[in-house]
Amino acid sequence: MAVGSCRPFTVSILCLVARIGLIAGNGKFPFLVLQGARDLGHEVTVVAIKEEAFADLEEAARKAGATLHWVSLGQLGKCIKLLKSAGVSQAVMAGQVRHVKIFSGIVPDFTLLSVLTRLKARNTDALISAVADVMRDEGIELMNSTVFLAPLLARPGVLGERAPDEQERADFEFGYRMADAIAALDIGQTIAVKHKAVVAVEAMEGTDEVIGRAGHLAGPGVRIVKVAKPGQDMRFDVPVIGLATIQAMRVAGASALSIDAGRTLVLDGEHVFKSADEASIAIVGRPMTEDRRG
């Protein structure tokens, strides 16, 4: 898409060529944001987290004509300095930073230490919101992390060839209340349900591990419910699925997956649904309602 022909999902500033900062964790998400921003004509400065970002992001940045710098997880001050030196006033956080690493093993610099000492709670939302506030104070605004990837947001309704059967729909309806509650408490985004019983709940370990644990505990036929937080802040910790999610479900014998439409990124696009169809896994996008939109 050419610059100057911005689609409705983009904010007006993105219709102008600008230098965008990309703070990169692990997974495909940073690669997609990098490509999406470059396709719109934006210059990109990448700050990649050493402990998380994939090594081949450096080659991807080189091919895209983007500048890349490596920082350690605790070096918030260095991250801000690099972005400001590049003339960045807007940045996107993309890619997973495993929650276990956020709360263990970080050697914080003075900037991050000042954030940590002010936190009333050390959950993910509180920490990253505080980081976003510091960055704003330094003249860098965090953007919606999906702003370059709107076509990859899940649609509402049945997303594959197979619709969930009556028992799967009943498990979804049962699971939504539980999943929404744990998401609201910033515990996790995913639960596994079977026969209207909660089999596994996500905390810091991640979705694929929860799916594996559910298969081990309850065997084939578990249903996976992955939700956004009520009033999800789309700047960070946006729910994501991909081919790895479907592979984990295939191994575990999970039969159906529900994700929140408009709030969940499907990183591998139609390949995810094709893989699910091959395994007869039903995938649905739960429509967003005003009470959960926040």
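**Close-ups of a predicted model**

**View 1. Ser-280 is partly exposed, with a relative accessible area of 42%.** This is a predicted model, and here we're zooming in on one of its loops. Ser-280 sits between α10 (270-278) and β13 (282-286). Its phi is positive, at about 55°, even though Ser-280 isn't a glycine. As for the label "partly exposed", that covers anything between the 20% and 50% cut-offs, so Ser-280 with its 42% falls in that bracket.

**View 2. Asp-237 is another non-glycine residue with a positive phi.** The value for Asp-237 is near 55°. Look for it in the loop that links β9 (223-226) to β10 (240-241). Is Asp-237 buried, partly exposed or exposed? With a relative accessible area of 23%, Asp-237 counts as partly exposed, as the buried class takes only values under 20%.

**View 3. Five strands line up in an open, parallel sheet.** Reading across, the order goes β3-β2-β1-β4-β5. β3 (67-71) and β5 (141-142) are the edge strands; each has just a single partner, so one side of each has no neighbour in the sheet.

**View 4. Strands β1 and β2 pair up in the parallel sense.** β1 covers residues 19-24 and β2 covers residues 43-49, and 6 bridges join the two. For a handy landmark, find Leu-22, which stands opposite Val-46 of β2.

**View 5. Helix α3 lies across four strands of the sheet.** The helix spans residues 76-85, and the strands it crosses are β1, β2, β3 and β4 (90-94). Relative to β3, α3 runs at about 165°; anything over 145° counts as roughly antiparallel, so that's the label for this pair.

**View 6. Helices α8 and α9 pack with their axes 8 Å apart.** α8 takes in residues 207-218 and α9 residues 243-252, and the angle between them is about 10°. The two helices are therefore roughly parallel to each other. On the α8 side, Asp-208, Ile-211 and Gly-215 make the contact, while α9 brings Ala-244, Thr-245, Ala-248, Met-249 and Ala-252. Sorted by class, that's 5 nonpolar, 2 polar and 1 charged residues.

**View 7. Residues 1-13 are a stretch where pLDDT stays under 50.** For these residues the model has 17 contacts beyond four places in sequence. For the protein chain, the mean pLDDT is 90, and 90% of the residues reach 70 or more.

Methods:
Residues numbered from 1 in each chain as written. Predicted model: local features only at pLDDT ≥ 70, side-chain atom pairs only at ≥ 80, totals over all residues. Heavy atoms only, no water. Axes fitted to C-alpha atoms, helices over the stretch in contact; angles between N-to-C directions. Parallel < 35°, antiparallel > 145°, perpendicular 65-115°, else oblique. Contact = heavy atoms within 4.5 Å. Nonpolar A, V, L, I, M, F, W, Y, C, P; charged D, E, K, R; others polar. Pairing = 2+ DSSP bridges. Buried < 20%, exposed > 50% of the residue type's maximum accessible area, 1.4 Å probe, protein only. pLDDT = per-residue confidence, 0-100.
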